[in-house]
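Work through the exercises below with the sequence and the model side by side, and try each task before reading its solution.

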Amino acid sequence: MREIRLIEKDGFNRTTESVNISLPCSKGEFRSDTHFELVDEKGTNSPVQTTSLAFWPDESIKWLRLVFIVDIDAGVTKKYYLRSTVVRPSLKDQKKIVITQQGFSVIVDTGKATFTLSDEIFAPLKSVMVD
């Protein structure tokens, strides 16, 4: 968990102030499939948008941008904590992609959508069906 300290130094109460910061990350600290949450000192979730800006050779995140909104009073230091979790779908939740050939058509079934490709017509897809 990373601590982020915001210090209001200019003597203004700030309401819905946009914060845009970039954090350097250690090699291997965060992977590209990491999910991030931002919480304040009370443990209240704050909406945050994250963008991976650069990667290490092992494909872990090297620089991470955070964009979030804060309310902070004049002269106050406010702490936030960046929590991370890696979300991996379980194998039982993963659907197989099934590819079959019927005549001059190839059918790709993803479980959520079925795509039909034909070598008889000049079009990328003959049909698409979504469940």
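F36 is buried, with a relative accessible area of 9%, where buried means under 20% relative accessible area, exposed over 50% and partly exposed in between (1.4 Å probe, protein chains only). The model is a predicted one, in which local features need pLDDT of at least 70 and side-chain atom pairs count only at pLDDT 80 or more, while totals for chains, interfaces and linings use all residues. Residues are numbered from 1 along each chain as its sequence is written, and side-chain values use heavy atoms, with hydrogens and water left out.

**Exercise 1. Aromatic pairs**

Task: Determine how many aromatic pairs the whole structure holds, and classify the geometry of the rings of F30 and F36.

Solution: Rings of Phe, Tyr and Trp (its six-membered ring) pair if their centres lie within 6.5 Å, and planes under 30 degrees apart count as stacked, over 60 as edge-to-face and the rest as tilted. A search of the whole structure by this criterion finds 2 aromatic pairs. The ring centres of F30 and F36 are 5.0 Å apart and the planes stand at 80 degrees, so this pair is edge-to-face; F30 is buried, at 5% relative accessible area. F68 and Y80 make a tilted pair, with 5.5 Å from centre to centre and 55 degrees between the planes. Because F68 belongs to strand β6 and Y80 to strand β7 (residues 77-86), the pair ties together parts that are 12 residues apart in sequence; here strands are DSSP runs (E, at least two residues), numbered from the N terminus. F68 is buried at 1%, and Y80 is buried at 3%.

**Exercise 2. A network around one arginine**

Task: Identify which residues are joined with R14 into one network by salt bridges that share partners.

Solution: A salt bridge is a side-chain nitrogen of Lys or Arg within 4 Å of a carboxyl oxygen of Asp or Glu, and the structure holds 7 of them. Start from R14, which is partly exposed with a relative accessible area of 22%. R14 bridges to E8 with the closest N and O atoms 3.1 Å apart, and E8 is buried at 4%. R14 also bridges to D10, at 3.3 Å between the closest N and O atoms, and D10 is exposed at 55%. The side chains of R14 and E17 meet in a further salt bridge of 3.6 Å, N to O, with E17 partly exposed at 31%. Salt bridges that share partners thus join E8, D10, R14 and E17 into one network.

**Exercise 3. Strand order and edges**

Task: Give the order of the strands in the open sheet that has 4 strands, and explain why β8 and β11 each leave one side without a neighbour.

Solution: Two strands pair if DSSP finds at least two bridges between them. The order in this open sheet is β8-β9-β10-β11, with antiparallel pairing. β8 (98-102) and β11 (127-130) stand at the edges with a single partner strand each, so one side of each lacks a neighbour in the sheet. Within the sheet, β9 (residues 105-109) and β10 (residues 113-118) pair over 5 bridges in the antiparallel sense, and V106 stands opposite L117 in β10.

**Exercise 4. A hairpin**

Task: Find how many bridges join β5 to β6, and which residue of their hairpin takes a positive phi.

Solution: Strand β5 (residues 48-55) and strand β6 (residues 61-72) run antiparallel and are joined by 7 bridges, with R65 in β6 as the bridge partner of T51. The hairpin has 5 residues between the strands, and E59 takes a positive phi near 75 degrees.
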